[in-house]
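Colleague: I'm new to this one and would like a close look at a single part rather than a full tour. Could you pick a spot where charged side chains come together and walk me through it slowly?

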Amino acid sequence: MAGRRAALKAIDWVAFAERVPPNQKPMFNALKTRNDTLSAKLASLPESPPAIDWTFYKTAIARPGMVDEFEKKYKALKVPEPVDKETAKIEAQQQEASKSAASYIEASKARIVQYEKELQKFKNMIPVEQMTFEEYYEAFPETKLDKEKYPYWPYKPIGDL
């Protein structure tokens, strides 16, 4: 039963290895080796534990009722299966990350359109070497010095430098 459950949550090691940075390859290899060791050990175990021969123990043990008591406790024993509490949190984080990635992609597409317009403007303008100062200041207004507002060199506020 544990083997079937473990098979349902198989790890894609090739895709995992592609995402591992080169400086963390030894840790990744150690993790994969440990996982392979535990998976092989789990696969070697039987699906259900071997049956106990209670009649043999009843004849071999002299104290009466002891084997019956152990048998009753053994059959009443139920090992609880651990409850998965983290998968829901991980899936919520994954959905949040995918929403964040989608919004980043949309914002990036908008920036690309803006940058393409700016690039087209630069391609259509005359070369800077052939511009007059007036044309240059018209094309790049942020470079124009305000000598009337700031009459002393560097002609702009010191905080902007």
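Modeller: Happy to, but let me start with a ring rule for some background. Two rings of Phe, Tyr or Trp (for Trp, the six-membered ring) make a pair if their centres lie within 6.5 Å. Searching the whole structure that way turns up nine aromatic pairs. Phe122, Phe133, Tyr136, Tyr137 and Phe140 form one aromatic cluster. And keep in mind that this is a predicted model.

Now for your spot. The residue I'd put in the middle of the story is Glu71, which you'll find in helix 5, the stretch covering residues 66–76. Is Glu71 buried or exposed? Its relative accessibility is 14%, and Glu71 counts as buried because the cut-off for that is under 20%. So what does it touch, if we skip the neighbours within four places in sequence? Trp54 and Lys58 are the residues in contact with Glu71.

Let's follow Lys58, then. A salt bridge joins Glu71 and Lys58, with 3.7 Å between the closest N and O atoms. That pair ties together distant parts of the chain, since Glu71 belongs to helix 5 and Lys58 to helix 4, 13 residues apart. Lys58 itself is partly exposed, at 41% relative accessibility.

Lys58 has another partner too. Asp68 makes a salt bridge with Lys58, and here the closest N and O atoms are 3.1 Å apart. Again distant parts of the chain are linked: Asp68 sits in helix 5 and Lys58 in helix 4, with their positions 10 residues apart. Asp68 comes out as partly exposed, at 41% relative accessibility.

Back to Glu71, which also reaches along its own helix. The side chains of Glu71 and Lys75 meet in a salt bridge, 3.1 Å from N to O. Both residues lie in helix 5, four residues apart, or about one turn of the helix. Lys75 counts as exposed, because its relative accessibility is 55% and the cut-off for exposed is over 50%. Put those links together and you get one network of Lys58, Asp68, Glu71 and Lys75, joined by salt bridges that share partners. For the wider picture, the count of salt bridges comes to six.

Take a look at helix 4 as well, which runs over residues 54–60 and holds Phe56. Phe56 is partly exposed, at a relative accessible area of 47%. What does Phe56 belong to on the surface? It forms a nonpolar patch with Ile52, Tyr57, Ile61 and Tyr74, and together they have about 440 Å² of accessible area.

One last landmark, to give you a sense of scale. Pro154 is placed in the segment after helix 7 (133–139). Like Glu71, at 14%, Pro154 is buried, with a relative accessible area of 15%. Yet the C-alpha atoms of Pro154 and Glu71 are separated by 95 Å, with the two residues 83 apart along the chain.

How values were computed
Residues numbered from 1 in each chain as written. Predicted model: local features only at pLDDT ≥ 70, side-chain atom pairs only at ≥ 80, totals over all residues. Heavy atoms only, no water. Patch = residues over 30% accessible without salt bridge, like charges linked within 9 Å, V, L, I, M, F, W, Y side chains within 5 Å. Areas by Shrake-Rupley, 256 points an atom, 1.4 Å probe, with all protein chains shown as cover. Salt bridge = Lys/Arg side-chain N within 4 Å of Asp/Glu carboxyl O. Helix = DSSP H or I, 4+ residues; strand = E, 2+ residues; numbered from the N terminus. Buried < 20%, exposed > 50% of the residue type's maximum accessible area, 1.4 Å probe, protein only. Contact = heavy atoms within 4.5 Å. Phe/Tyr/Trp six-rings, centres within 6.5 Å; stacked < 30°, edge-to-face > 60°.
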